[in-house]
Every structure is written in structure tokens, then in C-alpha cells.
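I opened the notebook to record what I looked up, one item at a time.

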Amino acid sequence: MTAAHSAPGIAVFDLGKTNSKLLVFSAEGKIIAEARTRPLWRQDDGLRVLDDAHLLDWMQAQLEAVVESHGVSGVMFSGHGCTFALIRDGQLAAPILDYEQEPPADVAARIDALVPDFPDTFSPKLPLGLNYGRHILWLKDRDPSLLESTDTILAYPQFWPWRLCGRAISEVSYLGCHSHLWAPLADDYSSLVDTQGWRAKMPGMVRAGDALGTWRTKTSRDVTVYNGVHDSNAALYYYRSIGLSDVTLVSTGTWVIIFNSACPLDALDPERDMLANVTVDHQPTATIRFMGGREYEIASGGWTKSLALDAVVSVITRGIFAVPSFAAGGPMSGTDGGFVGPVPTDEERAAAALLYVTLMTDLSLDLIRSTNDIVIDGGLVKTGLFAGLLAALRPGQVVLTSANPEGSAYGAAALAFEQVGLSPFASECRPAEPLVVEGLTAYRDRWIALAESRRGENSARTYREVRG
């Protein structure tokens, strides 16, 4: 594709917590260029914060390059959750916080008393900054004058368009992502926003993918800047846009986010990290999640090589179990992760970690009442074994894997392409073949017993009732 192409492509910045990437989509929906970087997080005044200038420099340099080499005409953003920016007089009023840090205990006690109840926001009360309204309260507790002087509160996928084109706006899929700032049933800001006097600091609402303005390159080419979107909601939008509406989506990356619109909201249990996400079109959607990618990284000891099925079989045969939890949040929170059984080899440890993520996904699917087809998107598709193991555990459901592991970027691109009248994507999902692994079901039952015994007998009864 060249700059003279009649329908130039879209650049999508898919901004993850540990990895950020640029994907360039042609007008035909093909990825024609990509680049990756790792965001830098640094210490500042006792807090861990984003080096936003470093990331912005990388983004602008990459965008300059693809506009010249591929005739890109627009830029779109998909962003990880739990992150925000406070703006004062056109500048950051405070650095952007890393959501993986816990306020001091005395501060937590004060700010947690302020957050709305679950029926208001459908956001469970979570640790760290997993409810980003909690981290805004933390910054206010540290310096009350900070929020008084802040004129704009921006969500992460709206911060970057603001940086490029100067227009500040809000977007519902990010506000509705367990932030404590949105009331899904009222389709409005939560009581926290009003009691704190923040409503006037929230810019006007604009749909994800809508054009906001332009960014000009050094060679005076104008690039349309589109409104960003929450990454997992972007993945959900992508699969719905290609006709897969009645499915349970398992969106995988640092987080495993599971959406099932067929699950009633009254089935959500905040103690299990279940919540209502909100789609780009303002529809509450039952969700459960855990930090599966991070947990795999920790539990596996940083294993990055492929895994042999023989290692999985060995873990099951020898009775090696990774038990919850290796990161904050999730349906088994409150206990520290570890291993039970014989000492594993390095590859067995990685296999036990993969089984852990698979079984946590299986448990989550039960809790969110998934009986329809399952679509797996994201990084876990690349493992080669995850989908087959999950299919073996759920014989009554079709498990589909996406031919591309970049659902959030594809969904972001689909939203932007709509603005120029294009719909270039079609389903490339294929059924996963269930793996035949002797003892897998018994291993699951033993893992559930071990995991639930660590949480307490009351929760064990609850889960057994759900599974039936």
C-alpha cells in the first residue's frame, strides 16, 4: 500500500500495561506494518508512574513513519484498563499512576468508605487501582488541592487523542470498566462523581471511533484522530461486528476478561471479581476476569518457550498443582499463589501454570453461566494448548479460536473504519479440537478442592452449587 492509495489505512495504537504496539491496517483489513515497545514506569514522589513523554515520543515517531510509508490517514487507540490522567491548564496535573500499587492502609480505610455500593456501579471493590476511581481518591487524599485545581479527568484511551489533537472527551466503555465512576443501569455517572464534585471535570461523551480532530506530521500531512476505546471492549465489538453476537468472549492478555451478554446481571458476585462492563453502545454486559497473563508469567517462572503436551500430561500424572492466586483480583482472590505436590521441572512448572490459567478460565465460565459458543482471543491463543484443554473441559460447548490474536486492535480499527464507510473484516475463527488428556477432569476436581479449601468452606459450597 502506498500514500497514493484511494482508501488509506488506519494506525492503531494498542496500549497494554507491559507491552504497547502499533498495528497498521490496510483498507482491506490486513495488517501491513507493526511496531512494539514497552512502556516505562518510574518512581516519582513515592509513587510508580508512567513516563508518558517517552511513550508519546515513540508513538509520534512511529506515526510519522507509517504516514510516509503507508499513507495512513487516521489513528485510533485501544487502551488497558484502570488508568487515568488529571489535566490542569492543558498539562498533566499529576503523573499517570501505575494501577498496580496499593494505598497505605490508613488511606485505604478512608477512601474505601467513600466508594458506591455494588448495585450502583456494578464494580466490585478491588485492591490497588483496579477501580481507578479509588486511585483518584488516593491522589486527593495525598493532596486535596490537586483535584480542586484539576479541570479535566481523562481516561487512558482519551488521554492520547487529547495529546495529539487537543480535544478532551469521555467514552463510556472505559468509564464503565469497573472504575466506580459509572452507573450502568442509570447510564450516567455514579454517585461518587457527584458527591466528589467531579461531574464538571468530566468532558462531554463521544462514541469510541468517532473523529475528534487532526494531528499534523512534520511534512504537513493531516491525520484524523479517532476516539479511543477500552481494549477488551474493543475485542468484544470486533467479534460482534463480524456476526458473533451470541458468544462468550474470552479476551486474553495481561488480563483474562470473559464477557457473556446472556448472563443476567443479578448473577454477578462481587466477591468473585464479577462486574458489568459497558459496551461502546452503552449496554451493560456481564463480565468476570482475572489477571491470567500476569499469573502465568509469575507461576511459570517467566517461561517463554513453547510447551509440549507431554509436560502437561506429566503434571497431571504426578499431581503437581498451581493454586491461587498469583496476582490481585480474580474469582479466587485473598490467598497467595503457590504449588502443591512434587517439585516440578522448569517445563512442568510452566505446564502447571498453563493448567492453572485454563482451570481458572473454566471456573469463570461456570460462574458467568456460559453455555453458548466460546471465542478465545488474544495472547493465550498462541500457546497452542490452552484452547484444546479448555475444549476438553467443556464438551457441551464449541470453543472457537480467532485466527488473529489481536482482537482489541481489530475492534479499534473496525470502529475507525466505520467512519469512512468501510467494514473490511470477516470471521476467521475456527473450532478448537479437544485434547485427549487422561485424568484431566479428575485433575480439575482436585484443583477446585484445593483452591476452594484455601478460600474457605462457604465459598466452596457456593461454587459447587454453581457447577451443579
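My entries below begin with how the model is to be read and then turn to a helix, its partner and one residue elsewhere.

I note that this is a predicted model, in which local features need pLDDT of at least 70 and side-chain atom pairs count only at pLDDT 80 or more, while totals for chains, interfaces and linings use all residues. Residues are numbered from 1 along each chain as its sequence is written, and side-chain values use heavy atoms, with hydrogens and water left out.

I looked up α12, a helix (a DSSP run of H or I, at least four residues, numbered from the N terminus), and found that its 22 residues reach 32 Å from first C-alpha to last, close to the 32 Å expected at 1.5 Å a residue. Of the 22 residues in α12, 19 are buried (under 20% relative accessible area). R369, which follows α12, has a positive phi near 60°.

I then checked α12 (residues 346-367) against α15 (residues 440-455), and their axes, which are lines fitted to C-alpha atoms over the stretch in contact, come within 11 Å and cross at roughly 75°. That makes α12 roughly perpendicular to α15 (65 to 115 degrees). In the contact (heavy atoms within 4.5 Å), L355, Y356, L359, M360, D362 and L363 of α12 meet L440, Y443, R444 and W447 of α15. The residues of this contact divide into 8 nonpolar, no polar and 2 charged.

Lastly I looked up D310, which lies in helix α11 (residues 309-318) and is exposed (over 50%) at a relative accessible area of 63%.

Technical notes
Axes are lines fitted to C-alpha atoms, for helices over the stretch in contact, and angles run from 0 to 180 degrees between N-to-C directions. Helices (H or I, at least four residues) and strands (E, at least two) are DSSP runs, numbered from the N terminus. Angles under 35 degrees count as roughly parallel, over 145 as roughly antiparallel, 65 to 115 as roughly perpendicular and the rest as oblique. Ala, Val, Leu, Ile, Met, Phe, Trp, Tyr, Cys and Pro count as nonpolar, Asp, Glu, Lys and Arg as charged, and the others, Gly among them, as polar. Buried means under 20% relative accessible area, exposed over 50%, partly exposed in between (1.4 Å probe, protein chains only). The expected span of a helix is 1.5 Å times one less than its number of residues.
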